[in-house]
Amino acid sequence: MIKRVLLVLLLALLVLAVMVAGNAYRTPSRQLQVPAIQKLAVDEKAVAERLAGAIPIRTVSSFDNAQQNGEEFRKLHAYLAQRFPRLHATLKKEVVGDNALFFTWTGSDPAAKPIALMAHQDVVPIAPGTEKAWEADPFSGQIKDGFVWGRGTWDNKGNLLAQMEAIEMLVAEGFQPRQTVYLVAGDDEEVSGLRGAKPIAELLKSRGVKLDWVLDEGLLVTEGVLAGLDKPAALIGTAEKGYGTFFLSLDTAPGHSSMPPPSTAIGSMSAALAKLEANPMPASISGVAADMFGAVAPEMRGINRILLSNLWLFGPLVRAQLEKGASTNAMLRTTTALTIVRAGNKDNVLPGRAEAAVNFRILPGDSLASVEAHIRKTIDNDAIAIKAYPGNAEPTPVASSSSPSYRTLQMTVQQAFPDAIVVPGLYIAASDSRHFVDVADNVFRFSPVRARSEDLPRFHGTNERISIANYVEMIRFYHQLLRNSAQPTS
Ligand SMILES: [Zn+2]
């Protein structure tokens with residue numbers, strides 16, 4: 001009898017092992033079979049010098065002061081007009097708001113929905129005290145060791161000028177796009193996009209334009225970031241998380257600290273905050289994360305491939321592992337971050353008010369309303385008032401990774417980066433493209449920039465740079481994207 005039970009168990013295990021291995025090694029790759037392209041000839045020295053020349057123009061933006069560095073932005077406009085004469089002769093240029101740039105390149109097919117390439121002109125400042133840590137002056141635009149150095153080389157003058165280089169070449173070739181192409185370059189992306197990208201999106205809406213797709217800065221061609229994946233992964237951001245800050249406040253009777261009540265404003269607020277931190281919103285491998293792992297798994301080797309190909313069985317194990325890392329945890333759930341706490345100003349007085357701010361980054365699927373309900377339920381204290389920050393934003397819709405526009409984008413990435421695989425992903429930061437979700441069928445967030453883990457601190461940080469070889473790839477990418485988009489969709 002026992003022997004028979006053991007035999008059945010063994011057989012069940014064997015079947016399970018076969019299923020697991022089958023899933024891991026028979027799930028087809030989601031990469032496309034793309035025709036190789038002839039490498040576009042690019043004058044490396046000339047394009048690197050043009051990018052370098054834009055770096056000393058200090059287009060640092062300010063949230064409060066729209067006029068800050070207005071002179072610098074206009075200097076950049078003049079520089080671009082001088083360096084990209086064909087583009088400026090062929091495309092219609094409009095300046096929106098103070099200094100946002102909006103170009104229109106009319107397509108040959110008036111019935112086709114237009115497309116938009118986005119970038120931004122503004123840059124973040126240099127953190128005080130870090131100037132000396134730069135290997136090249138951040139506003140010199142120095143070229144050395146095969147890199148263009150300085151603030152904006154990566155974020156985001158690199159994207160902007162690479163797009164312009166591609167268009168300049170296409171105009172010279174006599175190319176006309178099929179779909180009308182818009183070029184959107186905001187002047188305040190780093191401080192909200194409310195003065196640049198947002199009015200441009202509104203302008204399109206007022207003109208009755210609905211876009212086929214938008215491509216803005218976003219996820220990168222990452223190298224060596226995912227364990228078990230040997231190839232670089234080009235991640236296409238198909239959605240952007242929402243932003244939700246909630247202010248909590250609690251008013252109680254102030255009093256003397258010699259006769260404290262059992263519960264004080266500080267104690268109650270602290271308890272509420274501790275509960276929020278200990279009880280985050282649930283994590284799951286679904287939506288964009290599931291889409292991403294589904295595309296990555298067939299390209300992996302070893303144990304990671306087996307685990308990710310069998311989420312039906314190993315899902316809880318994988319999720320527990322991903323929750324441990326801050327960046328992977330952020331892909332799986334709406335995150336909770338306690339950011340401000342304020343109460344009291346004298347050591348022997350019980351404060352009458354305690355205040356706090358909690359910042360949530362909201363996963364598509366959750367909403368500002370569901371976050372607020374979560375706070376209310378978790379803190380379980382009606383005496384605490386909850387107020388939403390006016391600048392809060394819902395998560396964006398998720399762009400389809402099976403749409404024709406995604407396929408065009410994927411094909412282009414595979415052609416421009418033949419060593420990489422293409423994978424949809426969740427963008428956990430914010431970009432100007434969020435202002436375009438109402439006027440576009442699909443919004444994608446991808447920068448054709450190669451980055452290893454150790455490069456990530458350069459973004460908004462010290463020693464920002466772009467390699468000339470990569471910059472040439474970026475130009476080829478945008479050039480090919482416009483060419484591929486001109487083909488009739490299949
Ligand atoms: Zn940026």
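This is a short talk on a three-stranded sheet, the helix α13 and the loop residue S403.

Okay, so keep in mind that what we're looking at is a predicted model. Let's start with the sheet. It's an open one with 3 strands, in the order β4-β5-β17, and the pairing is antiparallel. Which strands stand at the edges? Those are β4, residues 143–144, and β17, residues 465–467; each has a single partner strand, so one side of each has no neighbour in the sheet. If you zoom in on β4 and β5, the latter being residues 147–149, you'll find 2 bridges between them, in the antiparallel sense. K144 sits opposite F147 of β5 there. And then helix α14, residues 468–486, packs on this sheet: α14 touches β4, β5 and β17, and its direction is at about 75 degrees to that of β17.

Now on to α13, residues 404–416. From first C-alpha to last, this helix of 13 residues reaches 18 Å, close to the 18 Å you'd expect at 1.5 Å a residue. Is α13 mostly covered or uncovered? Mostly covered, with 10 of the 13 residues buried. Among them are Y406, L409 and V413, plus polar ones you can pick out yourselves, including Q410 and Q414. What do the buried residues pack against? The strands β7, β8, β15 and β16, and also α14, the helix we just met on the sheet.

Last stop: S403, in the loop between β14 and α13. S403 is buried, at 9% relative accessible area. A polar atom of its side chain lies 3.0 Å from the backbone oxygen of S400. Leaving out residues up to four places away in sequence, S403 touches N442 and F444.

Terms used:
Residues numbered from 1 in each chain as written. Predicted model: local features only at pLDDT ≥ 70, side-chain atom pairs only at ≥ 80, totals over all residues. Heavy atoms only, no water. Pairing = 2+ DSSP bridges. Helix = DSSP H or I, 4+ residues; strand = E, 2+ residues; numbered from the N terminus. Contact = heavy atoms within 4.5 Å. Axes fitted to C-alpha atoms, helices over the stretch in contact; angles between N-to-C directions. Expected span 1.5 Å × (residues − 1). Buried < 20%, exposed > 50% of the residue type's maximum accessible area, 1.4 Å probe, protein only. Polar contact = N/O pair within 3.5 Å; in protein donor to acceptor, adjacent residues only side chain to side chain.
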